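Work through the exercises below with the sequence and the structure side by side. Each task is followed by a solution that goes step by step.

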Amino acid sequence: DAISRKRVVRPAAIADKRIGLLDISVERSDVFLDRLELLLSERGARVERFRKPSHTRPAPRSLIEEIVRRADMVVVALAG
C-alpha cells in the first residue's frame, strides 16, 4: 500500500552524515555509485553501500529496514 509522507528537509551539510547508496542491480549502476561514494566521502560523509537482489522486483522489506537503521539519507542509483 502506498503511504503519503512529508518530504524530509535537506540537511545544510553532509559531513558526518551516514549516507546509504542503494544499487538497484541495473548494469553499471555500481560505476555511478563508486564515483558518488568518492565525492561524498571527500565531503565528510560516511557512506554505506546496499544492493537489491534484483532490478525486476522491489527491495525486500528486510533490506529497507536495514537501510533505515544504518543511514540518515539514501541515494538510489539507476544507470543504463
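**Exercise 1: A charged residue in strand β1**

D23 has a relative accessibility of 4% and counts as buried, in a model that is predicted.

Task: Find which side chain D23 meets in a salt bridge, and where the two partners lie.

Solution: Start from the side chain of D23, which forms a salt bridge with the side chain of R51, at 2.6 Å from N to O. Next, place the two residues: D23 belongs to strand β1 and R51 to strand β2 (residues 46-51), so the salt bridge ties together parts of the chain that are 28 residues apart in sequence.

**Exercise 2: The order of the elements**

Task: Work out how many helices and strands the chain has, in what order they run, and how β1 and β2 are joined.

Solution: Counting the secondary structure gives 2 helices and 3 strands, and reading from the N terminus these elements follow the order β-α-β-α-β. Strands β1 and β2 run parallel and are joined by 6 bridges; one example is I19, whose bridge partner in β2 is V47. Between these strands the chain passes through helix α1 (residues 29-42), and this β-α-β crossover is right-handed.

**Exercise 3: Salt bridges between distant parts**

Task: Search the whole structure for salt bridges, state how many there are, and examine the ones formed by D72 and E48.

Solution: The search of the whole structure yields 7 salt bridges. One of them pairs D72 with R18, whose closest N and O atoms are 3.1 Å apart. Since D72 sits in the loop between α2 (61-70) and β3 (73-77) while R18 sits in strand β1 (residues 18-23), the pair ties together parts that are 54 residues apart in sequence. Both partners are partly exposed, D72 with a relative accessible area of 43% and R18 with 26%.

Turn now to E48, whose side chain meets that of R70 in a salt bridge of 2.2 Å, N to O. This pair links distant parts of the chain, with E48 in strand β2 and R70 in helix α2, 22 residues apart. E48 is partly exposed at 23% relative accessibility, and R70 is partly exposed as well, with a relative accessible area of 31%. Elsewhere, salt bridges that share partners join D34, E37 and R49 into one network.

**Exercise 4: A lysine without a salt bridge**

Task: Locate K52, decide whether it is buried or exposed, and describe what surrounds it.

Solution: K52 is found in the loop between β2 and α2. K52 is buried but has no salt bridge, and the nearest side chain of opposite charge, that of D23, is 8.9 Å away. A polar atom of the K52 side chain does, however, lie 2.6 Å from the backbone oxygen of R57. Setting aside neighbours within four places in sequence, the contacts of K52 include L22, I24, S25, P58, A59 and L63.

**Exercise 5: The chain as a whole**

Task: Describe the extent of the chain, its buried share, and the segment before β1 that holds S4.

Solution: The C-alpha trace spans about 35 × 30 × 20 Å along its principal axes, and 26% of the 80 residues count as buried. Among contacts between residues at least 6 apart in sequence, 72% join residues at least 24 apart. In the segment before β1, S4 is exposed, with 77% relative accessibility, and the C-alpha atoms of S4 and I14, which are 10 residues apart along the chain, are separated by 26 Å.

Note on methods
Residues are numbered from 1 along each chain as its sequence is written. This is a predicted model: local features need pLDDT of at least 70, side-chain atom pairs count only at pLDDT 80 or more; totals for chains, interfaces and linings use all residues. Side-chain values use heavy atoms; hydrogens and water are left out. A salt bridge is a side-chain nitrogen of Lys or Arg within 4 Å of a carboxyl oxygen of Asp or Glu. Helices (H or I, at least four residues) and strands (E, at least two) are DSSP runs, numbered from the N terminus. Buried means under 20% relative accessible area, exposed over 50%, partly exposed in between (1.4 Å probe, protein chains only). Two strands pair if DSSP finds at least two bridges between them. A crossover is right-handed if, with the strands pointing away from the viewer, the path from the first strand over the helix to the second runs clockwise. Lys and Arg count as positive and Asp and Glu as negative; His and the chain ends are not counted. A polar contact is a pair of N or O atoms within 3.5 Å; within protein, one must be able to donate a hydrogen and the other to accept it, and residues adjacent in sequence count only if both atoms are side-chain atoms. Contact means heavy atoms within 4.5 Å.
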